[in-house]
Structure formats: C-alpha cells, structure tokens
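Visitor: I have a few labels I'd like explained. Could you walk me through them?

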Amino acid sequence: RYKFEAYSGQGLINIAQELLEGTLEYEEDLIAHIYTCTTCGACDINCKSVRDMEVLDAILALRARCVEDGWGPMPEHKEQARRVEHHHNIYGQAHGQRFDWMPQNMQLSKGSGIAYFVGCATSYLYPEVARDTAKILSAAAVNFQLMMGEEYCCGAPFWRTGQRDVARKLAEHNLDAFRRLGIKTVITGCAECYGTFRGFYPRIAEPDFEVLHIAEVIEKLLHEGRLKPASKLKKTVTYHDPCLLGRLSEPYIPWSGDIGAYGYHNPPKQWRRGTKGVYEAPRSILRAIPGIELVEMPRNEENAFCCGGGGGVPAAFPDFALWTARERIGEARSTGAEALVSSCPFCRSSFENAVGSGGDGFRYQDLCELVAGAL
C-alpha cells in the first residue's frame, strides 16, 4: 500500500534495531509509520519459510517500547483504553447492556463448565450473530453458560497496539473469572478473542481451560449428528480466513534460552508457522449445508490476505483499512461467488464498509448466520 520497504516486516525490524541502538530518534511521523500495520502476521509466517525468527513478536515489542517510552500508541488507541477502563469494552457502551441481545426464553446451564464468550464487537455491533450462535448451541443441546457482568474485553486491541498493561489487566480479570465460575471450555465466535486466548493469555499464565471457536464446535456437532442442516440455500460462496483464526491461532508456547549463530535455539523452540490454524472446520461446515457451493480465493489459509481490521488500523487509519478490505473484496468477487463468508466480527465490519453497492448483489455473511438459517 505504501510502497516503501520501511513498511514491511523487515523494515519495521530495522527501525526497532535503530531505535535500540540510538541511531534513530522518535518523532510523530515515525510513530504513525509504526502503527500503519494490521499486525496480520503474513510477514511472520512467510519469513519463517526461510528462517526461524519472530517477526510479529518483534513488531509488537516495538509498539510496546513506543508506549513505554511515552510516544505510543496513537490517540485513537488511547481513547479505546479510556473506554475499556470505564466500560470494559472498546466502544464505550454501557457494560450492563453487553447482554441485551439475549432472547427472553434463552436456556442457560449455570455451572456447566462451558461458557460462550461473546466478545465486545459481537455483543454491541452484531447482536444477531450472538443470537444465531446461541440458537445453534441450543439446537444441539449444548449446555452452556454466559459470564454476564464478568465478561470483559479480551484485550486484543491493546496487546496489538503495545498497551501491554491494559491487555494484561483485562486478561487477568477474565482468567480469574474463568476459574471462579468453574469454566473449563470457552467457546467464542470472534477470531480476535480466539487468537488472543491462544496467543496472548499463555504469556500471562499457563492456560487451565480449553478454547474453541464456534466453527470447531459446529463441525463436531455436525459429525456427531447433533446438528442437521435441512434448508437448501443454493448459493455460491467463498470463505475468508481471519488472521487470528488462521495463521495466528496456533497456541503460544513460552520459551526462554539462548539464541546462537544462524538462529539456533537452545533449548529447541516450538514455532508457530501458521499451518495449523482453523482452516478445515469452516469449510467443512459450508460443504455440509445443502445447496452451498464453496469456491476458493487465490490467497487462502495461512496465505490469506488480511481484511484490514486488526492492529488498531481501523481506528487510526480508516482509509488504509478500507483500501485493504476493498482489495480482498475484489479477490472474492473474482471467484464468481455471491457472498463472502467469514467468522469474525472485525472482518465483518471491514468487509461491510468496503463491499459497497456494486449492483451484483454481492454481500458478506457470517458463518453462523448461514448455519442458523439452514436449521
């Protein structure tokens, strides 16, 4: 988008090194440059195909250093931190309204050990997705509970903008709530929450709970025969892999030791290469819905193009976020699909802003919307 190598993963690592060595000094334009990145991790997994190195962790550490030194993050990211401090969500909406989406007849199983973690974006922006998710779980007789007032923002926006203290505080609250409520399995339909639980929370404490994305749950329920899509939808769709459900969803394994010549790690380090993300589950679900034809975009799975919705970019650089989403929408349209399907509220926000009125009826649809509509 910005044409210069300084915006690449390698460029940001060079900037980090020069700041550490004192050959480069902070200035406002440099901070804006550092935050013009969706932290999608594409550079990370591509670099690892050549040499083992933590490109994304270096970029996130660079942002954290900017915050520690009093230069970061961007003003819009500071405003999100202010909102979450008072309301426990990034939108500044009343915490007491987080579960206003709940149907009156919704059946919950307190003490089941399984919690549906809704997330900020789904709760406040897309309540219909939360209702669809609850409908699917109830149709399959899954006993689950909600955390209600104990559910806070997962911390993803702050981890990815270098506001580590804010992210840690939110993570510690949620981890404590999981323990107090006896939650052993956390189900979420938000890719940002999912990737944060698996990629950031292990840096705070050793996980004592299982995290499942709703796509993984639905795939299992279909296999067991507990969900049986009956309605024929007759539609051609293409699927978008969210970054934090795909290449960045592998669990983080803490490591400490010595790094020698040629990147040799002692003791050996377990690398997150992006190849073990949640790729097959959503595709298996789409193929199981009668009448759905799934076609693939050229860039998919660990090589999928980002929606533009991560890393704090939509808040600080909405023009870049929109440009990114339009690039992906163009790729989706090129497949001949009628709809772009994904399973992340941040992807939905990006794509719905970008899809426009092309006159061809092309639209974005959430995976749970399709499943719930087929039951």
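Guide: Happy to; what follows is a short round of questions about a predicted model.

Visitor: Why is Cys-368 not in a disulfide?

Guide: A disulfide needs two cysteine sulfurs within 2.5 Å. The closest cysteine sulfur to that of Cys-368 belongs to Cys-190 and sits 12 Å away, so that's too far for a bond. Cys-66 is in no disulfide either; its nearest cysteine sulfur, in Cys-37, is 12 Å off. The whole structure holds zero disulfides.

Visitor: What makes Cys-66 count as buried?

Guide: Buried means under 20% relative accessible area. Cys-66 comes out at 0%, so it counts as buried. Cys-368, at 1%, is buried too.

Visitor: Why are α14 and α15 called roughly perpendicular?

Guide: That label covers angles of 65 to 115 degrees. The axes of α14 (residues 318-333) and α15 (residues 345-355) cross at roughly 80 degrees, coming within 8 Å. The two helices are therefore roughly perpendicular to each other.

Visitor: Which residues meet there, and of what kinds?

Guide: On the α14 side they include Leu-322, Ala-325 and Ile-329, and on the α15 side Phe-351, Ala-354 and Val-355. The contact divides into six nonpolar, two polar and three charged residues.

Visitor: Which residues touch the most other members of the largest nonpolar core?

Guide: Trp-101, Phe-178 and Phe-197, in a core of 90 residues. Leaving aside residues up to four places away in sequence, Phe-178 touches Phe-117, Met-147, Ile-183, Val-186, Phe-197 and Phe-209. There's also a second, separate core of 21 residues, with Ile-31, Cys-37, Ala-316 and Phe-320 among them.

Key
Residues are numbered from 1 along each chain as its sequence is written. This is a predicted model: local features need pLDDT of at least 70, side-chain atom pairs count only at pLDDT 80 or more; totals for chains, interfaces and linings use all residues. Side-chain values use heavy atoms; hydrogens and water are left out. Buried means under 20% relative accessible area, exposed over 50%, partly exposed in between (1.4 Å probe, protein chains only). Axes are lines fitted to C-alpha atoms, for helices over the stretch in contact, and angles run from 0 to 180 degrees between N-to-C directions. Helices (H or I, at least four residues) and strands (E, at least two) are DSSP runs, numbered from the N terminus. Angles under 35 degrees count as roughly parallel, over 145 as roughly antiparallel, 65 to 115 as roughly perpendicular and the rest as oblique. Contact means heavy atoms within 4.5 Å. Ala, Val, Leu, Ile, Met, Phe, Trp, Tyr, Cys and Pro count as nonpolar, Asp, Glu, Lys and Arg as charged, and the others, Gly among them, as polar. A nonpolar core is a set of buried Ala, Val, Leu, Ile, Met, Phe, Trp, Tyr and Cys residues joined through side-chain atoms within 4.5 Å.
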